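Hi everyone, thanks for coming along. I'd like to walk you through one structure today, a piece at a time, so please have a look at it on the screen.

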Amino acid sequence: MSRQITVAAAQVGAVHRDADKKDTVQRLIRLLQKAAEKEVKLVVFPECTLTTFFPRHFIESQEELDKYFEHGEDVTQSPDVKPLFDEARSQGIDIVLGYAERDPDGKGWNTCVYFSASEGKVISKYRKVHLPGTKEPFADPAATNQLEKRYFTPGNLGFPAFRAPGLVPDAAKQSTVKEGDSTTGKGDPIFGMLICNDRRWPEAWRIYTLQGAELIVFGFNTGANMSHLWGSKPMPPDKAEAEALFHSKLVQQANSYMNACFSISSARCGLDDGKYDLIGGSAICSPEGHILAEAKTKEDELVVAKIDLSECRQGKEKTFDYARHRRIETYGLIDKQTGVVEPDLL
Ligand code: CDT
């Protein structure tokens, strides 16, 4: 049974600190229109798509900080952003959009939503769990900060997989299926959403694929040269960028393979304010771990691939058939311990 969809990552180039959100949204709408010309049915936008990646700045002005967040319960009604959701609906394209969310209690979250064009509303929301960087800025004024722990609260929605309607024809539904028939791999596509740093944590992918996820989607903002924060040792800028790109692809390809799912990653990239360099490398990856399409620039760019979700079955039913091969009686430490506890010294 073929379950084909044409999908895209909408990579977004530089967004400066003084950018007008309305102009940025117009750029996103142009990417959506390009997607419509290519009969794309799902577009994934980056993490914090609507503004510059503000957690790199120590911002004391509440007025400035407020501008980077969407306020209130329903992002589809945010005045500056509504035109994007309206366009998605009229083009019949589902979108995943990352943005900074300020909830009614005043808490900040690094959030993304899945907007279903056929439903005309948000059908799933995810808040980033793994917040990288520091709470306090570095003493060295030359160092680039990553103050996500200052501006955001770790996500409290877990990793809820969900089905998106209207993407594949003849999907099995509760109302049409006969009692006793197996529906595995036959219903509407099962999604999981992550945000940037989450992609480096295998636990997150596994929790989604324990719920049958066939497509894991995420946006990212990844510094091209941040050795004061990265695991990689300091190196010249061109080598540091190549290494950051290598790790970004590595985690996407390896986790797609180890979880037998497709994945779509979308970068906010380029040179913000002419000096903060973010990697590109938006990519669509198969369940066998192969890159099917990837960005060639560090600018606004649409990366498109036609995928067939039935290709997940090989991995899900053989090498990574969880029900037959996982040994949960041996995995206890995973949810009992956060940091490392080494064996006693000899
Ligand atoms: N935005 C984001 O999560 N970026 C991180 C950078 C980590 S810096 C230590 C990433 O994982 O790409």
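Let me start with a question: how many bridges join β1 to β15, and do the two strands run parallel or antiparallel? There are eight bridges, and the strands run antiparallel. Before I go further, please keep in mind that this is a predicted model.

Now let's stay with that pair for a moment. If you find Gln-11, its bridge partner in β15 is Glu-301. Strand β15 covers residues 301-308, and six of its eight residues are buried, so this strand is mostly covered.

Next, look just before β1, which spans 4-11, and you will find Ser-2 in that segment. Is Ser-2 buried, exposed or partly exposed? With a relative accessibility of 47%, Ser-2 counts as partly exposed. Setting aside neighbours within four places in sequence, Ser-2 is in contact with Asp-308 and Ser-310. Here is something that a sequence on paper would not show you: Ser-2 and Gly-185 are 183 residues apart in sequence, yet their C-alpha atoms are 10 Å apart in space.

Let's move on to the open sheet. It has six strands in the order β7-β8-β9-β10-β13-β14, and the pairing is mixed. Which strands stand at the edges? They are β7 (162-163) and β14 (291-294), and each has a single partner strand, so one side of each is left without a neighbour in the sheet.

Now focus on β10, residues 262-267, in that sheet. On one side, β10 pairs with β9 (residues 215-220) in the parallel sense, over six bridges. You can trace this residue by residue: Leu-215 stands opposite Phe-262, and Ile-216 stands opposite Ser-263. β10 also pairs with β13 (residues 283-285), this time in the antiparallel sense, over three bridges. There, Ser-265 has Ala-283 as its bridge partner.

How many of the six residues of β10 are buried? Six of the six are, so β10 is largely enclosed by the rest of the structure. It helps to remember that in a regular strand the side chains alternate between the two faces of the sheet. In β10, one side carries Phe-262, Ile-264 and Ser-266, while the other carries Ser-263, Ser-265 and Ala-267. Those residues are all buried, so both faces of the strand are covered.

Let's turn to a pair of charged side chains. Glu-70 sits in strand β3, residues 69-71, and Lys-21 sits in helix α1, residues 21-37. Their side chains make a polar contact at 2.6 Å. Are these two residues buried or exposed? Glu-70 has a relative accessible area of 6% and Lys-21 has 12%. The cut-off for buried is under 20%, so both count as buried. Leaving aside close sequence neighbours within four places, Glu-70 is also in contact with several other residues, including Leu-50, Val-75 and Tyr-99. On the same basis, Lys-21 has contacts that include Leu-50, Thr-51 and Asp-80.

Now for the ligand. Which of the 14 residues around the ligand come nearest? They are Lys-128, Cys-196, Asn-197, Arg-200 and Thr-222. By class, the shell holds five nonpolar, four polar and five charged residues. Some polar side-chain atoms are worth pointing at. One in Glu-47 lies 3.0 Å from a nitrogen atom of the ligand, and one in Glu-148 lies 3.2 Å from a nitrogen atom of the ligand. One in Asn-197 lies 2.8 Å from an oxygen atom of the ligand. The protein covers 96% of the 360 Å² of accessible area that the ligand has on its own.

Finally, a little about backbone angles. Most residues other than glycine have a negative phi. Cys-196, which we just met by the ligand, has a positive phi of about 40° although it is not a glycine. Cys-196 is found in the loop between β8 (190-195) and α5 (202-209), and it is buried, with a relative accessible area of 5%. Asp-273 also has a positive phi, near 50°. Asp-273 lies in the loop between β11 (270-272) and β12 (276-278), and it is partly exposed, at 29% relative accessible area.

That's my tour. Thanks for listening!

Conventions. Residues numbered from 1 in each chain as written. Predicted model: local features only at pLDDT ≥ 70, side-chain atom pairs only at ≥ 80, totals over all residues. Heavy atoms only, no water. Helix = DSSP H or I, 4+ residues; strand = E, 2+ residues; numbered from the N terminus. Buried < 20%, exposed > 50% of the residue type's maximum accessible area, 1.4 Å probe, protein only. Contact = heavy atoms within 4.5 Å. Near = heavy atom within 4 Å. Polar contact = N/O pair within 3.5 Å; in protein donor to acceptor, adjacent residues only side chain to side chain. Areas by Shrake-Rupley, 256 points an atom, 1.4 Å probe, with all protein chains shown as cover. Nonpolar A, V, L, I, M, F, W, Y, C, P; charged D, E, K, R; others polar. Pairing = 2+ DSSP bridges.
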